[in-house]
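Me: I'd like a close look at one part of this model, please. Could you walk me through a strand and the loops on either side of it?

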Amino acid sequence: MPVLKIITNIPKGEMASDLELKLSNKLKECITQWKEQYFTIWLLPGQRIIRGRDNSPNAIIELYCCAAFNDTETNRQITRLLIEFSSKELGIAQDRMSVLLYRLKSDCVGLANGTLVSDLVPEHTDLHRLSS
């Protein structure tokens, strides 16, 4: 159920038409606990954003997930991977990007038919075992 959202002032027309698929593939490297069928990629191009009083190309990358982001080193690796990949794909300098990681409670994420993620996976389950 990971949701990757990229908010940027890059116009939609300057993004690769298959960027969502590329991001989904890259996300598999970051979030191994979940199968790709549960990934959501959400792009918000053409936003009015300034960073440091400068409106040159920049982006905010938000990643929401249950049962993730539990240790600092993994968070660093996720951040590095997402910024390096997004910088290359969007042509934005790495120092003009930020990553925000949001660890969601599994009983606060709803799916079809009123199912909660907590109905499927207890909050403290090791999801690495479930991805195979």
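Reply: Let's start with Arg53, which counts as exposed, with a relative accessibility of 80%. This is a predicted model, by the way. Arg53 sits in the loop between β2 (40-44) and β3. Its backbone is a bit of a surprise: Arg53 isn't a glycine, yet its phi is positive, about 65°. Most residues other than glycine have a negative phi.

Follow the chain into β3, which covers residues 59-66. This strand pairs with β4 (residues 97-104) in the parallel sense, over eight bridges. To find your place in that pairing, look for Glu62, which stands opposite Leu100 in β4. How does the chain cross from β3 to β4? It goes through helix α2 (residues 72-90), and this β-α-β crossover is right-handed.

Now look at the loop between β3 and α2, where you'll find Phe69. Phe69 isn't a glycine either, and it has a positive phi of about 60°. Here the surroundings are another story: Phe69 counts as buried, at 5% relative accessibility.

While you're here, check the cysteines. The structure has zero disulfides. Take Cys65: its sulfur is the closest cysteine sulfur to that of Cys30, but the two are 11 Å apart, so they are too far for a bond. Cys30 itself is buried, with 10% relative accessibility. Then there's Cys66, whose sulfur is the nearest cysteine sulfur to Cys108, at 8.3 Å, and Cys108 is in no disulfide. Cys108 is exposed, at 59% relative accessible area.

Methods: Residues are numbered from 1 along each chain as its sequence is written. This is a predicted model: local features need pLDDT of at least 70, side-chain atom pairs count only at pLDDT 80 or more; totals for chains, interfaces and linings use all residues. Side-chain values use heavy atoms; hydrogens and water are left out. Two strands pair if DSSP finds at least two bridges between them. Helices (H or I, at least four residues) and strands (E, at least two) are DSSP runs, numbered from the N terminus. A crossover is right-handed if, with the strands pointing away from the viewer, the path from the first strand over the helix to the second runs clockwise. A disulfide is a pair of cysteine sulfur atoms within 2.5 Å. Buried means under 20% relative accessible area, exposed over 50%, partly exposed in between (1.4 Å probe, protein chains only).
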